[in-house]
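Reader: I would like to learn how to read a model in which protein and DNA are shown together. Could you take me through one, feature by feature?

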Protein chains: 2
Amino acid sequence: MSTPVQRRRASINDVARLAEVSVGTVSNVLNRPDRVSPTTRERVVAAIAELSFVPNGSARQLRAGTITTVGAIVLDIANPFFTDVARGIEDRLTQDDYTLMLANSEEDPEREQRYLRLFEEHGVQGVMVVPSDERIDHLLALRARGVNVVLLDRSSPLDDLSSVAVDDVSGGELAARHLLEQGHTRIAFLNGPHAIRQCVERHTGVVRALEAAGLDPAEALVEITVPSLNADGGEAGTRELLASADHPSAIFCVNDLTALGALRTLRHEGVRVPDDVAVVGYDDVTFAAELGTPLTSVRQPTHALGFRAADLLLAAAAGAPAEQVLFQPELVVRASSTTP
Amino acid sequence: MSTPVQRRRASINDVARLAEVSVGTVSNVLNRPDRVSPTTRERVVAAIAELSFVPNGSARQLRAGTITTVGAIVLDIANPFFTDVARGIEDRLTQDDYTLMLANSEEDPEREQRYLRLFEEHGVQGVMVVPSDERIDHLLALRARGVNVVLLDRSSPLDDLSSVAVDDVSGGELAARHLLEQGHTRIAFLNGPHAIRQCVERHTGVVRALEAAGLDPAEALVEITVPSLNADGGEAGTRELLASADHPSAIFCVNDLTALGALRTLRHEGVRVPDDVAVVGYDDVTFAAELGTPLTSVRQPTHALGFRAADLLLAAAAGAPAEQVLFQPELVVRASSTTP
DNA sequence: TTTCCATTATGAACCGATTCACCGACGAAG
DNA sequence: CTTCGTCGGTGAATCGGTTCATAATGGAAA
């Protein structure tokens, strides 16, 4: 029924022998078919089919050096924000017939390193990375070794290192200002660890909004660090918050998955949204508008983020200078935060 | 500020020269450190650091053959179902220090082929694939060439080909039977193209439930093929459905993203759920319970699916025989389908 | 008929690692 | 004093492609 497993993969030598030509000719059929006469070409093509020969990528790359694969490392592949970014990347790469290897660091610097090394060993053209902590030395070292690097969702501190990011300070500010305008005077912020730059910057934005309103952040801001940037983290954070009798009347969540967990927990605990507590999320994922209480959220141009990053990477490969792109987020107001 | 780009990546020869040893010794330091005297080892390690040498993976693999990377191809990386599966895969692979390359076929057989070829050229240990259409010949051929293959979310027709799947016939039946029990006598099925096996099988399940209830599927079932298996597809399908005056009072959606689009459209059109129309989804993604109208859905053991698939792949690499695993889905009833 | 050029094919060198047969030195045993 | 085993290290062969200098062939031009 099924074909037996071959003893050994067919090599270009086997093809050459079967087609009774030299290995050079087989290679030419593969890479420069026009330099081979039609009759020989046919013989070689037949032999290739006969042996179901697939060229060994390692050997090819070892000799030729070039490759059309790039890598991307994101913090959490289960987060719609990152998958949308990945789609943007793929859409750009497809135009140039590049392929993407996607990896997931789970916010773990060690995993990030491991994948970077894997990519480098496989000789990728370049990598797009959402750094999982503050440090980017290893990325600079990587680049020094000839691998193109583009920072993803994180602005570059260096002029000659490309980056594509969204203004997270502004995003945090938009969210907090909105809550203040709704009459809230104290805000809870379910944030991720400060090792992650985005979290720090959104925090900065929140503080800025509070100060602009004449409030003292030490008083008006309750920051809770969630154990993970997803629904379970949001649930844990919200429980911690509700444990305190004197909790704020507004919650700003570092992303929509966290907000999802918050909404779930509030509902279970009988806290009404937005009547008792207002909630604002971040990312404006697909389902944000369809929730029991439609979620106010900070929208980011996810697809464009990925698309542009891939763009910069391909440009860098072609010798173009580095560039720092910064997109602006926008607030989408829905029921979860508006006073009834 | 930043280190300049090196002319050329350092090779094992450069290291050997700098450390004044032979290349064989450097290789030993890398792979069998105990066979090298401490003093020489130190010299070599210093040289490696000095040149920031990273071994060329292509060369290594070309010579050594072995590799600890596997590939996975899913239909849509933006679908939470597949990202959960991917997490399951990663969790299993991490145990054995394998790494995952993830790719996205977008239900396009050509893209699937492209990634399979990429994986094969890079000499992966094996691949896990959610086939994007009915045919699996190319996967059998791939396996015949020595690449381990595990079918993902699709049961194998061959005894000696591993697969991990969920019983989709049963899932479709569960959903349809539930709707019939709620008193509906005609059901709309927003399904994907029949090229995708899961869609065919869920359809079979629906038909089976209808027949068991003594209904004629030709009468009681209105199947609409959505243009894409996501929220936009669900919206399009629902609009098509509403265009007919005499539409069924129940909609079964082939996945939760489609259901999300359906709920959105029904709301926009002023159709009440479940009062006017009942809706059932498939996958039970995280947000299903939190929607405006909590969504009844067929739950699948996503994480286990991926975990087990990776398990079988690693087992196959170790010489274990093929195995077909079939999980059973379960229906989670919520407000979107229960008569008020 | 000879010369010359274009076309097509050849085969060896090379990419950068791993692996293994072999060698030199040194200490222990006979 | 020889013999032998061990340890540490060497360097050439090898993996499977690409590339390029070179050769063979044949037809057109002189």
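Author: Let us begin at the DNA, where H4(A) gives four residues to the surface near DNA strand D, the largest share of that surface. Please keep in mind throughout that this is a predicted model.

Reader: Which elements give two or more residues to the surface near DNA strand D, and how many residues surround that strand?

Author: DNA strand D is surrounded by 24 residues, and the closest are A:Ile12, A:Ser27, A:Arg63, B:Thr25 and B:Thr40. Sugar and phosphate make up 63% of the atoms of DNA strand D that come within 4 Å of the protein. Looking at single contacts, we find an N or O atom in the side chain of A:Ser27 at 2.8 Å from a phosphate oxygen of DNA strand D, and a polar side-chain atom of A:Arg60 at 3.2 Å from a phosphate oxygen of this strand. Chain B takes part with its backbone, since an N or O backbone atom of B:Ser22 lies 2.9 Å from a phosphate oxygen of DNA strand D. As for the elements, two or more residues are given by helix H2 (23–31) and helix H4 (57–64) of chain A, together with helix H2 (23–31) and H4 of chain B.

Reader: How do the residues of that surface divide by class?

Author: A surface can be sorted into nonpolar, polar and charged residues, and near DNA strand D the division is nine nonpolar, ten polar and five charged.

Reader: What does the protein place around DNA strand C, and which element gives the largest share there?

Author: Around DNA strand C there are 23 residues, the closest being A:Ser22, A:Thr40, A:Arg63, B:Ile12 and B:Ser27. Here H4(B) supplies the largest share of the surface, four residues, while H2 and H4 of chain A and H2 and H4 of chain B each supply at least two. Of the atoms of DNA strand C within 4 Å of the protein, 66% belong to sugar or phosphate and the rest to bases. Among the single contacts, an N or O atom in the side chain of B:Ser27 is 2.7 Å from a phosphate oxygen of DNA strand C, a polar side-chain atom of B:Asn31 lies 3.0 Å from a phosphate oxygen, and a polar backbone atom of B:Asn56 is 2.9 Å from a phosphate oxygen. By class, this surface has eight nonpolar, ten polar and five charged residues.

Reader: How should I read the contact between the two protein chains, and how many residues does it take from each?

Author: The size of an interface is often given as the accessible area lost when the parts come together. Chain B and chain A bury about 5,400 Å² between them, with 54% of it on carbon and sulfur atoms, and the contact takes 59 residues from chain B and 59 residues from chain A.

Reader: How many salt bridges does the rule find across this interface?

Author: There are ten salt bridges between chain B and chain A, and one of the pairs that meet in a salt bridge is A:Glu90 with B:Arg111, at 3.3 Å from N to O. On the side of chain B that touches chain A, the elements that supply at least two residues each include helix H5 (80–95), strand E2 (99–104) and helix H6 (109–121), and H6(B) gives the largest share, seven residues. By class, that side of chain B has 23 nonpolar, 18 polar and 18 charged residues.

Notes. Residues are numbered from 1 along each chain as its sequence is written. Chains are lettered from A and ligands numbered from 1 in the order in which they are written. This is a predicted model: local features need pLDDT of at least 70, side-chain atom pairs count only at pLDDT 80 or more; totals for chains, interfaces and linings use all residues. Side-chain values use heavy atoms; hydrogens and water are left out. Contact means heavy atoms within 4.5 Å. Buried area is the accessible area (1.4 Å probe) that two parts lose on being put together, summed over both. A salt bridge is a side-chain nitrogen of Lys or Arg within 4 Å of a carboxyl oxygen of Asp or Glu. Ala, Val, Leu, Ile, Met, Phe, Trp, Tyr, Cys and Pro count as nonpolar, Asp, Glu, Lys and Arg as charged, and the others, Gly among them, as polar. A residue is near a molecule or strand if one of its heavy atoms lies within 4 Å of it. A polar contact is a pair of N or O atoms within 3.5 Å; within protein, one must be able to donate a hydrogen and the other to accept it, and residues adjacent in sequence count only if both atoms are side-chain atoms.
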